[in-house]
Structure formats: C-alpha cells, structure tokens
Amino acid sequence: MTRRPAGPPSRDGARRARPPALAPEAATTAKPPAPKPPPAAADPDLVLMGEFGRAHGLNGEVRLKSHTADPQGIAGYGPLMTADGRALTLAEVRPAAGSSPDMLIARVQGVSGRTAAEALNRLAVYVPRSRLGSAEEADEFFTTDLIGVTAVDAAGTVVATVVAVPNYGGGDLLELRPAAGGATALLPFTKAFVPSLNLDARRIVVALPEDLFEAPGPKPADDPG
C-alpha cells in the first residue's frame with residue numbers, strides 16, 4: 001500500500017510512503033528507466049505484494065523486494081500466490097544489507113539449496129484483494145492499482161502512463177513513460193505533483209515540471225564528476 005503525502009514528514013506507523021527528499025525544483029531531470037515491473041496477474045483480484053530476486057548464499061535463501069507498507073510485514077499475509085496458481089509460504093524474512101528498505105532476504109518453506117532458490121528469480125507473488133481489506137485513509141492506495149493508469153495534465157491532455165511505483169527510501173515515486181515515447185522519468189508521488197486521482201477511471205492528473213522528460217544536458221566543463 002502506498003500513500004500520497006502532502007506536507008512535511010510525520011510519524012505514520014508502519015506505512016512505507018514518506019514525502020520525497022527531493023524538492024520540486026530538484027526533481028526535474030529525466031532518469032534512466034528502472035527494471036520492468038512484473039506483469040500483472042491474470043486474476044484482477046490478486047494484488048502484487050513482492051517479487052523474488054537472485055539467490056542469496058547456498059542454503060536456499062533468496063532476495064525479495066517487498067511492496068508492503070512495512071517491508072517485513074509481507075511474511076504476515078499467509079501463503080503468497082504466484083500468477084500460475086502456486087502457493088508459497090515465507091518461513092523467515094530479514095532486511096538485506098544496503099540502503100533499500102524494501103529489499104529483504106527470505107527463506108521459503110520447501111526451498112532448500114541454491115538451485116531451488118535461483119528458480120524463484122523474477123517470480124512475482126500476490127495475495128487475494130479480499131485478504132487485504134480496504135485502505136484506512138483517503139490518500140492511501142494499493143501500489144498495484146497505480147501501475148498502468150493514464151496521466152493527464154490540467155487540460156486533460158494525455159502526457160504519460162505510470163509503469164512502476166519505486167521507492168528508494170525517500171518516498172514513493174511514479175515512474176512515467178511519456179505518451180510521445182522516450183525514456184521514463186520519476187515524479188514524486190505527492191499532492192503537489194499528483195493533485196487528483198480517479199483510479200476507477202484509471203486516470204490521474206499530474207503537474208509535471210517542464211523539463212521532466214528532457215534528456216540530461218552535457219556536464220559543465222568544470223564538473224568534477
């Protein structure tokens with residue numbers, strides 16, 4: 001679940017979303033595209049909860065990117081479903097080393113050894129929507145419901161499509177693919193940049209910086225980087 005913050009950070013329990021660290025004027029450079037999100041489940045009642053990554057070590061552990069508000073809370077939803085109907089139970093999870101708060105090291109019941117763990121790589125896991133209940137507040141949303149929505153400007157012109165909702169520790173972002181084509185860019189998921197949402201219509205209104213989709217310019221000659 002994700003939340004669209006409006007003001008300064010506040011303590012909001014276990015919710016993952018926080019106001020982005022970037023000021024609006026600093027979040028105007030096109031970013032390289034992030035890895036493609038996992039495909040949506042064929043069953044619309046399944047909500048994406050996470051995705052396995054590469055094997056970790058030799059004893060069956062595997063990396064897991066969690067999309068839940070409390071990343072480790074993914075282990076508390078009971079058996080997780082795959083798009084092809086399998087049920088997987090997380091026996092144990094712990095934070096992975098590094099700065100990404102939603103990356104875990106997981107142990108899956110019945111999976112032992114590196115070969116079995118490697119077979120989980122890029123496997124998305126879901127839970128039935130009925131198991132999640134409803135959002136507690138008006139500005140909370142299931143991340144999976146934002147993926148694929150059409151983004152329009154204040155005049156109603158289609159400008160982009162949401163292809164992912166990454167979070168790198170500073171707050172939720174919308175990865176937008178421009179309607180005209182080209183590289184995706186990241187937009188902070190706040191009321192300042194996303195003033196209106198209608199998820200039933202699969203449509204959001206965005207206030208885009210003018211140069212959001214422009215390619216980065218050449219570095220200044222005196223730039224040490």
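Author: Before we start, one term: two strands pair if DSSP finds at least two bridges between them. Keep in mind, too, that this is a predicted model.

Reader: Okay, then what is the order of the open sheet of six strands?

Author: Its pairing is mixed, and the twist from one strand to the next averages 35°. At the edges sit S13 (185–188) and S14 (196–198), each of which pairs on one side only. So an order with those two at its ends fits the rule for pairs. Reading across, the order is S13-S12-S11-S10-S15-S14.

Reader: Which residue is the bridge partner of leucine 174 in S13?

Author: Leucine 174 falls within S12, which covers residues 173–178. S12 and S13 run antiparallel and are joined by four bridges. On the S13 side, the partner of leucine 174 is leucine 187.

Reader: Is valine 162 buried or exposed?

Author: Valine 162 belongs to S11, residues 158–164. Among its contacts beyond four places in sequence are Ile147, Leu174, Leu176 and Ile204. Buried means under 20% relative accessible area. Valine 162 has a relative accessibility of 2%, so it counts as buried.

Reader: How far apart are the C-alpha atoms of valine 162 and arginine 177?

Author: Along the chain, valine 162 and arginine 177 are 15 residues apart. In space, their C-alpha atoms are separated by 6.4 Å.

Reader: Let's move to the cores. Which strand gives the most residues to the largest nonpolar core?

Author: That core has 22 residues, and Phe52, Leu90, Val108 and Leu120 touch the most other members. S2 (46–56), S3 (61–66), S6 (90–95), S7 (103–108) and S8 (124–128) each supply at least two of its residues. With four residues, the strand that gives the most is S2.

Reader: And how many residues are in the second, separate core?

Author: This core includes Phe141, Ala151, Leu174 and Phe189. As a general point, nonpolar side chains tend to be buried together in soluble globular proteins. For this second core, the count is 19 residues.

Reader: Why is S3 largely enclosed by the rest of the structure?

Author: S3 pairs antiparallel with S2 over five bridges. S3 also pairs antiparallel with S7, over four bridges. As for the enclosure, it follows from how many of the six residues of S3 are buried, because that number is five.

Reader: Which residue takes a positive phi in the hairpin of S2 and S3?

Author: Over in the paired part of these strands, glycine 50 has serine 66 in S3 as its bridge partner. The hairpin itself has four residues between the strands. The residue there with a positive phi, near 75°, is glycine 57.

Reader: What about S7: which residue there is the bridge partner of arginine 63?

Author: S3 and S7 are antiparallel partners. Across from arginine 63, the bridge partner in S7 is isoleucine 105.

Reader: Which side chain does a polar contact of 2.9 Å join to that of aspartate 145?

Author: Aspartate 145 sits in helix H2, residues 143–146. Leaving aside neighbours within four places in sequence, aspartate 145 touches Arg129, Leu199 and Arg202. The polar contact of 2.9 Å links its side chain to that of arginine 129.

Reader: Last one! What share of the residues of the protein count as buried?

Author: The protein has two helices and 15 strands. It exposes about 11800 Å², with carbon and sulfur atoms supplying 54% of that area. Of its 225 residues, the share that counts as buried is 41%.

Notes
Residues numbered from 1 in each chain as written. Predicted model: local features only at pLDDT ≥ 70, side-chain atom pairs only at ≥ 80, totals over all residues. Heavy atoms only, no water. Core = buried A, V, L, I, M, F, W, Y, C linked by side-chain atoms within 4.5 Å. Buried < 20%, exposed > 50% of the residue type's maximum accessible area, 1.4 Å probe, protein only. Polar contact = N/O pair within 3.5 Å; in protein donor to acceptor, adjacent residues only side chain to side chain. Contact = heavy atoms within 4.5 Å. Areas by Shrake-Rupley, 256 points an atom, 1.4 Å probe, with all protein chains shown as cover. Axes fitted to C-alpha atoms, helices over the stretch in contact; angles between N-to-C directions.
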